[in-house]
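Let's take a walk through this model together, from its sheets to its metal sites and a few backbone details. Please keep the sequence and the coordinates open as you read.

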Amino acid sequence: MTGSLFAVSDLHVSYAENRRIVDGLRPETDDDWLIVAGDVGELFGSVERALRQLRDRFATVVWVPGNHELWTHPSDPVTLRGRDRYDALVGLCRDIGVLTPEDDYPVWLGEGGPVIVAPLFQLYDYSFRAPGTSTKEESLRRAYKAGVVCTDEMMLHPDPYPDRESWCWARIAETERRLAATDPALPTVLVSHWPLVREPTDVLWYPEFAQWCGTDRTADWHVRHRAVAAVYGHLHIPRTTHHDGVRFEEVSLGYPREWGRRGGEPRPMRRILGAAS
Ligand SMILES: [Fe+2]
Ligand SMILES: [Fe+2]
């Protein structure tokens, strides 16, 4: 098998300019896979359209939820909240043949393989606190005072959990169980919307935003679970960094005002494994 494992995230297809870019995403070979690391969009129907489009083109598509898919947006006819919404998104992916964190982890057998590709949904728990604060309450208060409050506070409902951190911790427990059961002889590519380690958030323009970006509980997953690469998005700061010798790839497209500033036509698909043909 030839081909490459590509990744992209934060397609935010509510913007026409971004839909045009998604329209142009194409594999290089018939064997290419595409990881879509969350924030496709907010509306159920638009997430479905974009994922269908990509599924028609790539041999395998692997999706993880971003915070935007989990919003219950007032203009969405699909009014599901919290875990029910996530379950419905998983059901949608099953209908159209897209893999999710609820499926058996696929094994990439192309160049650089065999490698387990593990899509993860872990959310966040406010442990990436604002500088100088030591509790969630204090950290949130600081964010409200600075006027830097993630829309998740209004639209990402944790039902049936009491709060988003409880949902996060339930996901962490379940995901730990899944990862512990993987073949220890195989390396992994870990895929999540939120970074597994805090360091990538150090460059955020507003440090108060970090509390919506991950959890300390995943800080050693890339080491413990044999990652050759960790793929994430959410920060809208596409770049490559290394943590404990593991390559971390932030693969976001982001909003038109963000990629427009960088100049030129964005080429958001990042090659994670494989070689240019
Ligand atoms: Fe995003
Ligand atoms: Fe996000």
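Two strands are taken as paired here if DSSP finds at least two bridges between them. The model is a predicted one, and with that pairing rule it contains an open sheet of 6 strands in the order E4-E5-E6-E7-E9-E8, with mixed pairing. Strand E4 (107-108) and strand E8 (239-243) each have a single partner strand, so they stand at the edges and one side of each is left without a neighbour in the sheet.

At the E4 end, the pairing with strand E5 (residues 115-119) is antiparallel and runs over 2 bridges. One of the residues to look for is tryptophan 108, whose bridge partner in E5 is valine 115. The loop between E4 and E5 holds proline 114, and the peptide bond leading into this proline from glycine 113 is cis, with omega near 0°.

Elsewhere, E2 and E3 run parallel and are joined by 4 bridges. Here isoleucine 35 has valine 62 of E3 as its bridge partner. In a regular strand, side chains alternate between the two faces of the sheet. Strand E3 (residues 60-63) shows Thr60 and Val62 pointing one way and Val61 and Trp63 the other way, and all are buried.

**The iron sites**

Which residues hold the iron ion (ligand 1) and the iron ion (ligand 2)? The table sets the two sites side by side.

| Ion | Protein donors | Distance | Angles | Spacing in sequence |
|---|---|---|---|---|
| Iron ion (ligand 1) | Asp10 (OD), His12 (NE2), Asp39 (OD), His236 (NE2) | 2.0 to 2.2 Å | 87 to 170° | D-x1-H-x26-D-x196-H |
| Iron ion (ligand 2) | Asp39 (OD), Asn67 (OD1), His193 (NE2), His234 (ND1) | 2.1 to 2.2 Å | 90 to 161° | D-x27-N-x125-H-x40-H |

The angles of 87 to 170° among the 4 donor atoms make the arrangement around the iron ion (ligand 1) irregular. The site of the iron ion (ligand 2) is irregular too, with angles of 90 to 161°. The two iron ions are 3.5 Å apart, and aspartate 39 coordinates both. Aspartate 39 sits in the loop between strand E2 (33-36) and helix H2 (44-57), while histidine 193 belongs to the loop between E6 and H8, 154 residues apart from it, so distant parts of the chain are linked here. Aspartate 39 and histidine 193 are buried, as are aspartate 10 and histidine 12.

Histidine 234, a donor to the iron ion (ligand 2), deserves a second look. Most residues other than glycine have a negative phi, and most peptide bonds are trans. Yet phi of histidine 234 is positive, near 75°. Its place is in the loop between E7 and E8, and a relative accessibility of 6% counts as buried because the limit is under 20%.

Isoleucine 237 is found in the loop between strand E7 (227-232) and E8 as well. Is isoleucine 237 buried, partly exposed or exposed? With a relative accessible area of 25%, isoleucine 237 is partly exposed. Beyond its neighbours within four places in sequence, isoleucine 237 is in contact with Val203, Leu204, Glu250 and Ser252.

**Aromatic neighbourhood**

The structure holds 11 aromatic pairs. In one of them, tyrosine 124 and tryptophan 194 meet edge-to-face, 6.1 Å centre to centre and with 65° between the planes. This pair links distant parts of the chain: tyrosine 124 lies in the loop between E5 and helix H5 (136-146), and tryptophan 194 in the loop between strand E6 (188-191) and helix H8 (221-224), 70 residues apart. Tyrosine 124 is buried at a relative accessible area of 0%, and tryptophan 194 is buried with a value of 0% too. Both rings belong to one aromatic cluster, formed by Tyr86, Phe121, Tyr124, Tyr126, Tyr161, Trp167, Trp194, Phe209 and Trp212.

The charged end of lysine 136 sits over the ring of tyrosine 126, 4.3 Å from its centre. Arginine 178 lies over the face of tyrosine 105, at 4.2 Å from the ring centre.

**Two further backbone details**

Leucine 123 lies in the loop between E5 and H5. Leucine 123 is not a glycine but has a positive phi of about 60°, and is buried, with a relative accessible area of 0%. Finally, the peptide bond from aspartate 159 to proline 160 is cis, with omega near 5°; proline 160 lies in the loop between helix H6 (152-155) and helix H7 (164-180).

Notes
Residues are numbered from 1 along each chain as its sequence is written. Chains are lettered from A and ligands numbered from 1 in the order in which they are written. This is a predicted model: local features need pLDDT of at least 70, side-chain atom pairs count only at pLDDT 80 or more; totals for chains, interfaces and linings use all residues. Side-chain values use heavy atoms; hydrogens and water are left out. Rings of Phe, Tyr and Trp (its six-membered ring) pair if their centres lie within 6.5 Å; planes under 30 degrees apart count as stacked, over 60 as edge-to-face and the rest as tilted. Buried means under 20% relative accessible area, exposed over 50%, partly exposed in between (1.4 Å probe, protein chains only). A charge sits over a ring if NZ of Lys or CZ of Arg is within 6 Å of the ring centre and within 35 degrees of the ring normal. Donors are N, O and S atoms within 2.8 Å of the metal (3.2 Å for Na, K and Ca); water is not among the atoms, so sites may look incomplete. Four donors count as tetrahedral if all angles lie between 85 and 135 degrees; four count as square planar and six as octahedral if opposite donors are over 155 degrees apart and all others between 65 and 115; anything else is irregular. Contact means heavy atoms within 4.5 Å.
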